[in-house]
Each structure stands twice: as structure tokens, then as C-alpha cells.
Amino acid sequence: EDYILDTWAFVDLTGLGVVNSLQFGLESSDQGVYGMNTPAYFCLDTIIPWQEVTTFEDLPLAPESHWNGSDGSGGFHSDTAFFANDYDAQYDFWSGFACSNRTDVQVAGMDGQYTAITGGGYGGSANYAVAFVGWQTPPTVTFTQPQGLAGLYVTNNCYAYFDMIEGSPFSKRFGGVTGDDQDWFKLTVTGLDPNGVATGAVEFY
């Protein structure tokens with residue numbers, strides 16, 4: 001499927017059954033000596049359980065701002081879900097989940113890591129989550145109690161989007177010089193039961 005996502009897209013999670021948490025992974029056709037070259041980010045909004053909805057609109061963010069874990073809290077709650085964050089104060093580096101309401105879709109590179117390419121959350125909402133699949137624990141969402149999920153919405157952030165469209169010193173332009181290279185960027189969402197055992201996995205390109 002020859003596209004690079006620039007809208008919010010629904011990922012059906014009904015096949016995971018009842019889960020206690022979700023883990024997220026990313027893969028790409030653009031690989032180098034140290035692994036994936038494509039920036040390992042995506043944005044997430046509106047997790048839809050069978051009964052309740054996590055929308056991120058309850059997060060206390062100032063306009064045009066983000067939170068990346070620099071307060072050392074280890075994550076944030078939204079409705080019935082906890083989004084884990086790992087922040088390294090020595091290097092001002094984070095992985096896991098951040099939250100944002102930034103709207104500037106013209107910013108590329110690391111400066112674009114906190115902005116969804118859609119310029120806002122799903123359905124016109126302000127707040128959304130940003131995930132970075134770093135080198136520690138995969139980004140994990142844990143629910144207050146096990147539940148079945150209908151799905152969630154995802155899109156690219158500006159950093160990953162523009163690297164795939166234009167390339168960078170660290171990653172290739174998807175499609176290559178001719179536009180014919182068979183490149184891809186894949187999200188894997190794994191459901192985990194209360195014991196951490198996988199209930200299934202969903203792949204979304």
C-alpha cells in the first residue's frame with residue numbers, strides 16, 4: 001500500500017481480547033548498522049475500550065506545549081489508562097510516551113518529535129500522545145483493570161513523516177531515488193494479560 005500516513009487512522013484491536021496493557025513496537029524497511037533508521041515515533045489518540053474512552057482531553061497542558069517526563073513522574077494518567085515514560089535527566093532524553101497539543105505541521109527533524117502531522121488530535125481534539133520506541137522497555141499503556149478494546153487512532157509525528165518523505169542524514173527517503181523502492185513503516189500493538197503474557201498482536205503499516 002503506497003502511502004505515508006498523514007491523517008488519523010483507526011487500528012482495530014478487537015482480536016486482542018481482554019487485556020491489562022498494550023505494548024508498542026515499530027519496524028521499518030530502512031535498516032542500518034545500528035538498527036532502524038526511520039525515526040521510531042508515532043502519535044496515538046482516543047483509545048476505545050468496550051465501555052470507556054481514553055481521549056487525553058483531561059491532561060493539563062498549556063496551549064502549544066508538550067510534556068516529556070522531565071518532572072521524573074514516570075508517566076501520566078488519562079481516564080482509565082497509565083502511559084509509561086522513561087526520562088533521562090542527564091541527557092534530556094525520553095522514551096515511552098509524551099503528551100502534546102502542538103499544531104505546527106511544518107517542523108521537521110527532532111523539533112517535530114512532539115507534533116502530530118495532522119496538526120491536532122483525532123476528531124479535532126487538542127491533546128494526543130506521542131510515542132517513542134527507544135532502546136529500553138517498549139512504550140506501554142496499562143489499564144486500571146483488564147478490559148477488551150475496540151481500537152485506537154494513530155498517525156505519524158512530523159519527525160518520522162518528513163524523514164520518510166524527504167530523507168535525512170540518518171534515514172532514507174521512502175521510495176528511494178526512483179520512488180520504486182518497497183519501503184514500509186510498521187506498528188505492532190501487543191496485548192498483555194495481568195501476568196504479562198501476550199494475548200495477541202496487531203500489525204498496522
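Read along the sequence, this protein follows the pattern β-β-β-β-β-β-β-β-β-β-β-α-β-β, and that pattern amounts to one helix and 13 strands. Please keep in mind, as we go through it, that what we are looking at is a predicted model.

Let me start with the overall form. The C-alpha trace spans about 50 × 35 × 35 Å along its principal axes. Because a compact globule with 205 residues would have a radius of gyration near 17 Å, the 16 Å computed for this protein agrees with that expectation. Buried residues make up 50% of the 205 residues, and the protein exposes about 9,900 Å², of which carbon and sulfur atoms supply 51%. If we take the contacts between residues at least 6 apart in sequence, we find that 71% of them join residues at least 24 apart.

Now to the strands, where I would like to follow S8, which covers residues 81-88. On one side in the sequence there is strand S7, residues 75-78, which pairs with S8 in the antiparallel sense over four bridges, and within that pairing Phe76 has Phe83 as its bridge partner. These two strands form a hairpin with two residues between them, and in the turn Asp79 has a positive phi of about 55°. Strand S9, residues 93-100, also runs antiparallel to S8 and is joined to it by four bridges, with Asn85 and Gly96 as bridge partners. Here too there is a hairpin, this one with four residues between the strands, and Asp92 in the turn has a positive phi of about 50°. Finally, three bridges join S8 to strand S11, residues 140-155, again in an antiparallel arrangement, and there Phe82 stands opposite Thr142.

What about helix H1, residues 158-166: is it mostly covered or mostly open? It is mostly covered, since seven of its nine residues are buried, namely Cys158, Tyr159, Ala160, Tyr161, Phe162, Asp163 and Met164. The buried residues of H1 pack against two strands, S5 (41-49) and S12 (185-192). After the helix comes Gly167, whose phi is positive, near 80°.

I will end at the surface, where Tyr3, Trp184 and Tyr205 form a nonpolar patch with about 310 Å² of accessible area together. Tyr3 lies in the segment before strand S1 (9-12), and because its relative accessibility is 36%, Tyr3 counts as partly exposed, that class lying between buried, under 20%, and exposed, over 50%.

Notes: Residues are numbered from 1 along each chain as its sequence is written. This is a predicted model: local features need pLDDT of at least 70, side-chain atom pairs count only at pLDDT 80 or more; totals for chains, interfaces and linings use all residues. Side-chain values use heavy atoms; hydrogens and water are left out. Patches are made of residues with over 30% relative accessible area and no salt bridge: like charges are joined within 9 Å, nonpolar side chains (Val, Leu, Ile, Met, Phe, Trp, Tyr) within 5 Å. Accessible areas come from the Shrake-Rupley method with a 1.4 Å probe; for residues, only the protein chains shown count as cover. A salt bridge is a side-chain nitrogen of Lys or Arg within 4 Å of a carboxyl oxygen of Asp or Glu. Buried means under 20% relative accessible area, exposed over 50%, partly exposed in between (1.4 Å probe, protein chains only). Contact means heavy atoms within 4.5 Å. The radius of gyration is taken over C-alpha atoms; the globule rule is 2.2 Å times the number of residues to the power 0.38. Two strands pair if DSSP finds at least two bridges between them.
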